[in-house]
Amino acid sequence: MKAYLKETLCFGLDIGTRTVVGVVGYRDGDEFVLVDYECRAHEERAMMDGQIHDIQKVARVVYEVKIALEKRLGIMFKEVAIAAAGRALTTQMVEVVQNFDEMHEVTLADIHHLELEGVEKAKIKQQEMGTETEYYCVAYSVVQYYLEDYIIANLEGHKGHQIRAKMIATFLPKQVIDSLYAVTERAELTVSHLTLEPIAAMNAVIPEQIRLLNLALVDIGAGTSDIAITKEGSVAAYGMIPNAGDEVTEAIVHKYLVDFNTAETIKKQVIDHATVEFTDIIGISHSVPAEEIGKVIESTIDAMTCQIAERILRLNGDTSPNAVFCVGGGSQMYHVTQKIAQHLGLSEERVAVRSTKHLVKFKDEVGMVDSPEMITPLGICMTMIQDKFNQFTFVTVNGQKVQLLNAKKLTILDAIIAVGIEHSAIFPKKGNTLMFKLNGERQRIKGENGVPATILLNGQEASIQEHIKDGDILQVELAINGMAPELTIDTFVEVEKRINLEDQTYVLPLVKVNGQLVSRSYKILPSDEVEVVHIHTLEDLLSALEISMDNKCITKEFVPLKGDYVLQEWDHLLIDIIDSKQMHEEDHDLVKQSVVELEEDSNEIPYEVIEDMNSLEVKDVKKSESMYITVNGEVVTLPVKESAYIFASIFDHIAFDLSKPQGTIQLVRNNQAAALTDILRDGDQLEIYWKK
């Protein structure tokens, strides 16, 4: 046996549903040279539909393959390259929309924002499937972009109000990787490289130089059929259907009453035998024309290939690929390629089986069986030695180690998706637009732009589309969302003047929101109806405040005012209530009219008004020579006169400076709030002071 340097050899394992295939080879220039291989079937059904069910039993077969190769080659293997079954992948189709408030030129950042939001939506959709399995996103692809409602190839640079994308995201269960690692550990092996089975097969039969074409790879195994799509130079999508060769085998079992292994042999002989001979479980021998068996399994194969075609179309944006390459043992079944071509609307020569003889840059030193079943095992090793898309890339994001499958050239965006950072933490939302009405006219105030995330790649500022490699360190400072506008009344309504009425300051013009008077600090809310009420006269003010003039006298510095009085800055106004109990109803209007006509420089009521007031019934006014009134604790003597004294009269007899207001004047008579027109009586207790 030819001697090989251990360091030059690559050991790869394809752990399949029915068999485990081990392949050993090395790289010679651009070629992969096969030096040995071993294939062993599972004694029992320890794997079903590509999933390991019994780790111990699968590990035992893997160990047997390893030992057989080690004995023949005279070396020991410690590391192995493996592949995760594509049949474990799940895909989600989603649509995402991004709207703009106004005509907007689409940037690359907008497109990345849209795609990242799509991946998040697909993750949520995957979680809603009701399974507790932990998935992570392996890859995603955009099926179609839309500008408004028009399909478009590249959104960047176009202008519009809306962009949309239809996307496919692909997810791999974490438990699939964990179970593969558990098997290899029990077989005394360490995983050095890990890829996906569809990627391995793709690297073997579809060279990179033809991946610009839109091609489909279908790996038809025992339990499931795995699918991969290439376009524009990369692997764009993955998928699977839960039907494959075992479905056909079971149809033969039920029809001819044979065991599973006998049915497998019958299935294979149908392809190249005119007559198939077998013995059923009862012991009866049969000799059946292959054509008859073909009719028995035709409906099952038709249903399976129809599902394969439907999944290819779904993954490929509802269009047929340029060609389909079939690998795996199931690809050799009766009329499989013809049926796939029929369901896809392709000519039969566009759907072809690929086996080891079709491999390029491959040299066989041991005479491997020429079969499509060997494509994936060889592809695992070829993928590893090509050093392309051959393992998980590990990067660190904000101190967290992230594992990324090399299904394509990886970017910072892929790492952000893997670590679970939400799109709004990278591409900030613009603050909501504030919509309200001002004096009946619709107003629209735009929200603030957010602050985008800052991304450092190995300490250098980087954009989200930059490529990454194993060991890179990413630091992401999350975005800050834009704020909605906070608009208060005083930001758009200028102050004209301030008026003090009954110790309450009003800033003019007055502002009402939804019919209610508000302060200048009021923050406008969406859909508010704002009314600015301009005030010029006293009558305007009282009307806006819904204050009636009935039984009231409005005064400024004790001088009654008319309704057409033009308000001045910092006017201090008081409202006096005219007590109807203190005057006859028929004299009420006369007194009110006379008070309004007071002279501006006089604090006494004219003689005519006094005469009218004398005609009222005034009780308890003593007919002595003097009246004694206590004002702020001091007794003031007032000589008795023919006319009555009112509260306003007291200012002629005390030292109280009204010319320099120090707030709002307060009038109290006998511990009750008083008005200037209240009639004074002997012994009254008065309090007069400024309230600030």
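**Figure 1. Helices H7 and H8 are oblique to each other.** In this predicted model, the axes of H7 (residues 290-315) and H8 (residues 336-344) cross at roughly 50° and come within 8 Å. That angle falls outside the roughly parallel, antiparallel and perpendicular ranges, so the pair counts as oblique. The crossing of H7 and H8 is right-handed. On the H7 side, the contact uses Glu298, Ile301, Asp302, Met304, Thr305, Cys306, Ile308, Ala309, Ile312 and Leu313, while H8 brings Val336, Lys339, Ile340, His343 and Leu344. Sorted by class, the contact of H7 with H8 comes to ten nonpolar, two polar and three charged residues. As a rule of thumb for reading such a list, an α-helix has 3.6 residues a turn, so residues three or four places apart point the same way.

**Figure 2. Helix H2 runs roughly parallel to helix H10.** Here H2 covers residues 108-127 and H10 covers residues 412-419, with the two axes 11 Å apart and packed at an angle of about 30°. Anything under 35 degrees counts as roughly parallel, so H2 and H10 get that label. The way H2 passes H10 is a right-handed crossing. From H2, His112, Glu115, Leu116, Val119 and Lys123 meet Leu413, Ile416 and Ile417 of H10. Broken down by class, the contact of H2 with H10 has five nonpolar residues, one polar and two charged.

**Figure 3. Helix H10 is largely enclosed by the rest of the structure.** Seven of the eight H10 residues are buried, so there is the reason for that description. The buried ones are Ile412, Leu413, Asp414, Ala415, Ile416, Ile417 and Val419. After H10 comes glycine 420, with a positive phi near 90°.

**Figure 4. A close-up on isoleucine 416, a residue of H10.** The relative accessible area of isoleucine 416 is 0%, so it is buried, the cut-off being under 20%. Leaving aside residues up to four places away in sequence, isoleucine 416 touches Leu116, Ile421, Ile426, Ile455 and Ile464. Leucine 474 is 58 residues from isoleucine 416 along the chain, yet their C-alpha atoms are separated by 9.4 Å.

**Figure 5. Helix H4 is mostly covered.** H4 takes in residues 197-205, and nine of its nine residues are buried. Here they are by name: Glu197, Pro198, Ile199, Ala200, Ala201, Met202, Asn203, Ala204 and Val205.

**Figure 6. Leucine 378 sits in the largest nonpolar core.** This core has 65 residues, and those with the most contacts inside it are Leu13, Phe32, Val62, Leu217 and Leu378. Not counting residues up to four places away in sequence, leucine 378 touches Val23, Phe32, Leu34, Thr356, Leu359, Phe362 and Met368. Apart from the largest core lies another one, with 44 residues, including Val96, Leu114, Ala165 and Leu413.

**Figure 7. The chain as a backdrop for the close-ups, with 13 helices and 39 strands.** Of the 692 residues in the chain, 50% are buried. Taking contacts between residues at least 6 apart in sequence, 63% join residues at least 24 apart.

Terms used:
Residues numbered from 1 in each chain as written. Predicted model: local features only at pLDDT ≥ 70, side-chain atom pairs only at ≥ 80, totals over all residues. Heavy atoms only, no water. Core = buried A, V, L, I, M, F, W, Y, C linked by side-chain atoms within 4.5 Å. Buried < 20%, exposed > 50% of the residue type's maximum accessible area, 1.4 Å probe, protein only. Contact = heavy atoms within 4.5 Å. Axes fitted to C-alpha atoms, helices over the stretch in contact; angles between N-to-C directions. Helix = DSSP H or I, 4+ residues; strand = E, 2+ residues; numbered from the N terminus. Parallel < 35°, antiparallel > 145°, perpendicular 65-115°, else oblique. Left-handed = near helix turned anticlockwise from the far one by under 90°. Nonpolar A, V, L, I, M, F, W, Y, C, P; charged D, E, K, R; others polar.
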